[in-house]
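Trainee: I have this one open and don't know where to begin. Can you walk me through it?

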Number of protein chains: 2
Amino acid sequence: MTLPIKRIAESTVRRLSMYLRYLEGLDGLGQQTASSDELAQLCGTTPAQVRKDLSFFGSFGKRGLGYPVHGLTERLREILGLSHAWQVVIVGAGKIGSALAEYRGFRQRGFQVVGVYDKNPEKIGRPWGDATVRDMLALAHDVKEKHVDIAVIAIPADDAQEVVDQIVAAGIRAILSFAPTSLHVPPHIAVKTVNMAMELEGLSFALTNRGE
Amino acid sequence: MTLPIKRIAESTVRRLSMYLRYLEGLDGLGQQTASSDELAQLCGTTPAQVRKDLSFFGSFGKRGLGYPVHGLTERLREILGLSHAWQVVIVGAGKIGSALAEYRGFRQRGFQVVGVYDKNPEKIGRPWGDATVRDMLALAHDVKEKHVDIAVIAIPADDAQEVVDQIVAAGIRAILSFAPTSLHVPPHIAVKTVNMAMELEGLSFALTNRGE
DNA sequence: ATAAGTTTGTGAAGAATTTCACAAGCCTCC
DNA sequence: GGAGGCTTGTGAAATTCTTCACAAACTTAT
């Protein structure tokens, strides 16, 4: 694939993901082409932004016509690394972990949940979706053994760093955390944090300081 | 309160929220002061960034000493609008909505869940946390009646825009959406979207294009 | 074949955000 | 009370990200 020469901004990657979602929709509808303007309106951005984002990876459109919907869909899947099937473990068999397991888009998009872990003896051994909840003590070993790519952390903030240290040592390379805390990891590990409190407080701030 | 003259960047607000979380922790431990350097290390940012962020709102520290932990905590709560109790409704009584309802930090931080809504007749009328699931048809009316501030949208993407239109018309001012779609709202409405697929795809991209 | 009408791809300009660097201020110790 | 050692607050510089604007290229219509 065309190697990105420049570092790609996180905001660009997020938009690529959004373009992909809407292109899949258009593809399902049988639409042949889409202009940067159409994509921009669907995604709530600007046509120039769409073209710039895509231009980092190559030249996919035809002038006067737009982008080929199906071709660009496939191309974006490659760029985002979604041709590949990723191995995922979920750490924490609570409500959030449970909601995640039920999330359809998960497997649909090539993220295979190969294990669920918890340290609560009450939960260990219980069937849980396709898997069985396993003892957290086995986590590091399993991550190494099964070459797990991504760990989803859905446990309390206080326990998060310890677990992260273990699985980083075991060779994991990417982490999606729902723990409301900042995680310390070596620079080559990719981390995303979803922090609901932060989002709510962002809204609270907007409501408080709006309109001036 | 000191009015922010300049528009405050979203990234700044997110960091304020993080500073607050750690300051609360330090306050609980009885620590009197914290330097920008200490806060930066806790939050994974830089001292200069901490000082710049805070300086938008005033001058809270003492040179040579740092910031007063308790005072700054209170000040940040005000700035973020957390002195106020916000009225929240949750739309969608599925797994995500359920995980949200159980989320402790919710009420703890002044977000009062005053209603849960679903359009599925099977769910309507069921007790659910402190509340009872109500018919979605009552949503717009209730939002207007009870002066609800924030709606959390935890329903499928296809239904999201329609619901958003209704509650915007009913006078809601802020929306936190878990629907994987972009929402169209008037400019004075604050919207945050949490999109798990997008986060996972960001990780997939990082894993695919790392190290060059 | 030509003209008219679109739409891409992209340097360059502009805006926003982060980092730098240092004067000014405060504390502590002697 | 003066000296030394920290730490803040902040303009300015650097960097990053977005928007602009237009030549080039393609389609369609006649």
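Mentor: A definition to begin with: helices (H or I, at least four residues) and strands (E, at least two) are DSSP runs, numbered from the N terminus. Axes are lines fitted to C-alpha atoms, for helices over the stretch in contact, and angles run from 0 to 180 degrees between N-to-C directions. This is a predicted model, where local features need pLDDT of at least 70, side-chain atom pairs count only at pLDDT 80 or more, and totals for chains, interfaces and linings use all residues. Residues are numbered from 1 along each chain as its sequence is written, chains are lettered from A and ligands numbered from 1 in the order in which they are written, and side-chain values use heavy atoms, with hydrogens and water left out.

Trainee: OK. At what angle do H1 of chain A and H9 of chain B cross?

Mentor: Roughly 115°, and the axes of H1(A), residues 10–28, and H9(B), residues 196–208, come within 9 Å.

Trainee: Which residues in H1(A) meet H9(B)?

Mentor: Among them are Val13(A), Met18(A) and Leu20(A), while the H9(B) side includes Met198(B) and Phe205(B). Contact here means heavy atoms within 4.5 Å. By class, the contact of H1(A) with H9(B) has six nonpolar, two polar and four charged residues. Ala, Val, Leu, Ile, Met, Phe, Trp, Tyr, Cys and Pro count as nonpolar, Asp, Glu, Lys and Arg as charged, and the others, Gly among them, as polar.

Trainee: Switching to the DNA. How many residues surround strand C?

Mentor: 26, and the closest include Ser59(A) and Arg63(B). A residue is near a strand if one of its heavy atoms lies within 4 Å of it. These residues divide into five nonpolar, 11 polar and 10 charged.

Trainee: Which helix gives the largest share of that surface?

Mentor: H3(B), with four residues. H3 of chain A and H1 of chain B also supply at least two residues each.

Trainee: What does Ser59(A) do there?

Mentor: An N or O atom in the Ser59(A) side chain is 2.7 Å from a phosphate oxygen of DNA strand C. That is a polar contact, a pair of N or O atoms within 3.5 Å. Gly64(A) uses a backbone N or O atom, 3.0 Å from a sugar or linking oxygen.

Trainee: And the sheet in chain B, what is the strand order?

Mentor: S5-S6-S4-S3-S7-S8-S9, an open sheet of seven strands with mixed pairing. Two strands pair if DSSP finds at least two bridges between them. S5 and S9 are the edge strands.

Key: Polar contact = N/O pair within 3.5 Å; in protein donor to acceptor, adjacent residues only side chain to side chain.
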